[in-house]
Amino acid sequence: MGERMNGYLGRLANVNLSTGCVREEVLDELTARKWVGGAGLGAKILLEEIPPGVEWDAPENRLVFTAGPLAGTMVFGSGTFNVATKGPMTNLAVISQANGYFGAYLRLSGFDGLVLRGRSAEWVTLWVHDGRVEIRPAAALLGLDAWETEDALRGELGVGERDVSIFAIGPAGENGVRYAAIVGDRGHVTSKNGVGAVMGSKRVKAVVASRGAFEVPVFDTQALRLANLECFEAAKAFGTTWKWGTGGGFSNLAKSGALPVKNYTTSLFPEHESMNGQTLRTKFRVRSMPCFRCAISHVKEVTVTEGPYAGFTGEEPEYEQLAAWGPQIGNTDLGATVLLTREVDRLGMDCNEASWAIGWAMECFEKGVFTLSETEGLDLSWGNVEAVRVLLGRISRREGFLGALLAEGVMRASRKVKGPAEQWAIYTMKGVTPRGHDHRGGGRWPELFDTCVSGHGTIQSSWSGIHPQFVDQPPLEDVFDPAEVSRVVGDFAGYRTFDDCLGICRLAAPHPKPLLACFNAVTGWNWTLADAREAGLRVITALRLFNLRHGLDPENERPSARYGSVPVDGPAQGRDIQAKWDEMRADYYRRMGFDPQTGIPTAETLKRLGLEAYAPHAG
Amino acid sequence: MPGREIRVVFRGLPSEAETRGTELRVMLSEGSTVSDLLEKMASASTGKARLVLDPARKTLRPEFLLTLNGRFLEKSRFASTALKDGDTVEVFPVPSGG
């Protein structure tokens, strides 16, 4: 091990699944200062270790689990971790986060990261504990869903609920569903761009980290305590999440035309008040299930108390799940969203892509493109919850015509069906899955644009809206002004990516300033906000370099026809985000230090960020 | 401006439930604009109004949006958009969630 470094354990575990060899690597301070951790370390490993031409399911692909310098400290919600890999939806980079406990336990077990390469001959699980990684047979776990896998592994290891953190794939990951997720700690998900499919391709059923005895060295404990309380106060003042969960914003999204309703065929959802977080927490029985050291504790377990699913207990649907299994499929029964949330999680799939795919199939059924013949007897009328439940199972097993078709994701499915239905699918032209909104609605244009130009499979600058005023930049005054949209997405870029390097949950620390104070208290590096942004921009630029090497065509940094269409009704009726798309994209590229036409980072940008060695022309 | 009065509905001052907000019926003189309405609301200067209205600029704070009869209205059009009897103006936060 190298010299003690505040904020880091200073070690990565590198596992070659093909040989069964586990090698320890030093994480030195120079590397830590350049890439920070979390998303940054993931981006570095992708860029340096995966050459062009390697497909997502090749043994040469990497699957990288990284925590960050705040993970496992006293900071509330510091159990978050990142997964970085080349993903099957885009065949480009993905970095996806999950909350829960794993990020903290990985560090308490002695590592800042876990890097998987190769492909195991047999199915295995990896158990990280006491400063080492143990590879264990997993044949007995095959076919189990993600929750059953957790239960079986706890029994096998003889440990209690919070002694270990387990993240597993379900049937979807085993069967190569392109949007398979990695699910753990009973309801937490790292879900974007098929990270679970990559894990399945490596024949890893689960990763386990123990609540070990390693300690994260902290530079100034008292300063950290104060900064953490500032984060907490900021979290309580940020929207209504602390009180009503992420579903607390559901009705405001409805009023702004930003709920996804029936695959964007309408922007009206008058039933929103019966489906929001306020109703959910008022009517259903709720039990807190906090993440690692989290005082916000927005994660709950709920028991449905009325309607056809009364008595059913599952994890509380986050906003994304409420949207996916409510308006997007035409369902107005709140209890059913709890049922389908549990279903998609235990099968191990991204709820966003699953609901875009199923909503598209329902529109195809409504318009006669699919009949009972193609659906093999399933009545896919809007709101038929039981049909959706059956279809989710079929997708996870790639069963039948429709199950196999939708397992490819909505972009590929629609291109296979062709005809008018091809125009109804919601995706970015890179294949990235939008989150669960109608981004054409008010206040969400930055997120639509950000989703399309992002380098890692989900939003990059925005999160729960965009907040330039947090860093003393001018606010977004006109949410439908294309020039304003590219300005805020470009000028705010970097701040949220820096957050993604730290190993924290943004819901517990939404404001960049107290979060930076936490970072400085842990590391003692005394960074400014400008330093933090520069680190974030380095990660974004590194991912762009990776993606350009792996075939990114900047022409594909735009929405699909339906995703970027003009709303036919609702508050944003008639608003067209695509009218000035090319100007927006060129302006964003300029602000990022990329060539405005090609999107390639300029030599000056690479030099400023210390990325000259990775320049496209440097080979 | 002289002339008859119009009555508009103003919704959206945050309430405890933080969903519907408070609904107020506001009397304005004929020809009043959205800016006039917001200025009147800001001048009322209640604690709730200060959450959504900027008393110095007498308009919405940047983190809020406004719809007129269910359709978005840009801030740049507040001063030129006249209100009619029976109009409904709603303000709400730039939506978070997810």
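These notes go through a predicted model, taking chain B, its contact with chain A, and then three places in chain A.

1. Chain B, layout. The secondary structure of chain B comes to two helices and seven strands. Read from the N terminus, the order is β-β-α-α-β-β-β-β-β. The two helices thus sit together in the order, with strands before and after them.

2. Chain B, packing. Chain B has 98 residues, and 45% of them are buried. Take the contacts in chain B between residues at least 6 apart in sequence. Of these, 48% join residues at least 24 apart.

3. Extent of the interface. Chain A puts 33 residues into the contact, and chain B puts in 23. The size of an interface is often given as the accessible area lost when the parts come together. For chain B and chain A, that buried area is about 2400 Å². Carbon and sulfur atoms give 48% of it.

4. Polar links across the interface. Three salt bridges are found between chain B and chain A. One pairs the side chains of Glu90(B) and Lys255(A), with N to O at 3.3 Å. The count of residue pairs in polar contact between the two chains is six, with both residues at pLDDT 80 or more.

5. The side of chain B that touches chain A. Three strands of chain B each supply at least two residues here: E5 (64-68), E6 (71-72) and E7 (88-93). The largest share comes from E7(B), with three residues. By type, this side of chain B divides into nine charged, eight nonpolar and six polar residues.

6. Helix H12 of chain A. This helix covers residues 334-347, which is 14 residues. Does its length fit or conflict with the expected span? At 1.5 Å a residue it should span 20 Å, and its end C-alpha atoms are 21 Å apart, so the two agree. H12(A) is also mostly covered, with 13 of its 14 residues buried. Just after the helix comes Gly348(A), which takes a positive phi of about 85°.

7. Met275(A), a loop residue. Met275(A) lies in the loop between helix H9 (250-255) and helix H10 (277-283) of chain A. Is Met275(A) buried or exposed? Its relative accessible area is 1%, so Met275(A) counts as buried. Beyond its neighbours within four places in sequence, its contacts include Phe250(A), Phe269(A), Asn331(A) and Thr332(A). Leu334(A) and Thr337(A) are also among them. Another contact is Leu322(A). Met275(A) and Leu322(A) are 47 residues apart in sequence, yet their C-alpha atoms are 7.5 Å apart in space.

8. Glu484(A), a helix residue. Glu484(A) is placed in helix H18 (residues 482-492) of chain A. The relative accessible area of Glu484(A) is 15%, and buried means under 20%, so this residue is buried. Which residues does Glu484(A) contact, leaving aside neighbours within four places in sequence? They are Pro475(A), Leu476(A), Glu477(A) and Asp478(A). With Glu477(A) there is a polar contact: the side chain of Glu484(A) reaches the backbone nitrogen of Glu477(A) at 3.0 Å. Leu516(A) is 32 residues from Glu484(A) in sequence, and the two are 27 Å apart in space, C-alpha to C-alpha.

How values were computed
Residues are numbered from 1 along each chain as its sequence is written. Chains are lettered from A and ligands numbered from 1 in the order in which they are written. This is a predicted model: local features need pLDDT of at least 70, side-chain atom pairs count only at pLDDT 80 or more; totals for chains, interfaces and linings use all residues. Side-chain values use heavy atoms; hydrogens and water are left out. Contact means heavy atoms within 4.5 Å. Buried area is the accessible area (1.4 Å probe) that two parts lose on being put together, summed over both. A salt bridge is a side-chain nitrogen of Lys or Arg within 4 Å of a carboxyl oxygen of Asp or Glu. A polar contact is a pair of N or O atoms within 3.5 Å; within protein, one must be able to donate a hydrogen and the other to accept it, and residues adjacent in sequence count only if both atoms are side-chain atoms. Helices (H or I, at least four residues) and strands (E, at least two) are DSSP runs, numbered from the N terminus. Ala, Val, Leu, Ile, Met, Phe, Trp, Tyr, Cys and Pro count as nonpolar, Asp, Glu, Lys and Arg as charged, and the others, Gly among them, as polar. The expected span of a helix is 1.5 Å times one less than its number of residues. Buried means under 20% relative accessible area, exposed over 50%, partly exposed in between (1.4 Å probe, protein chains only).
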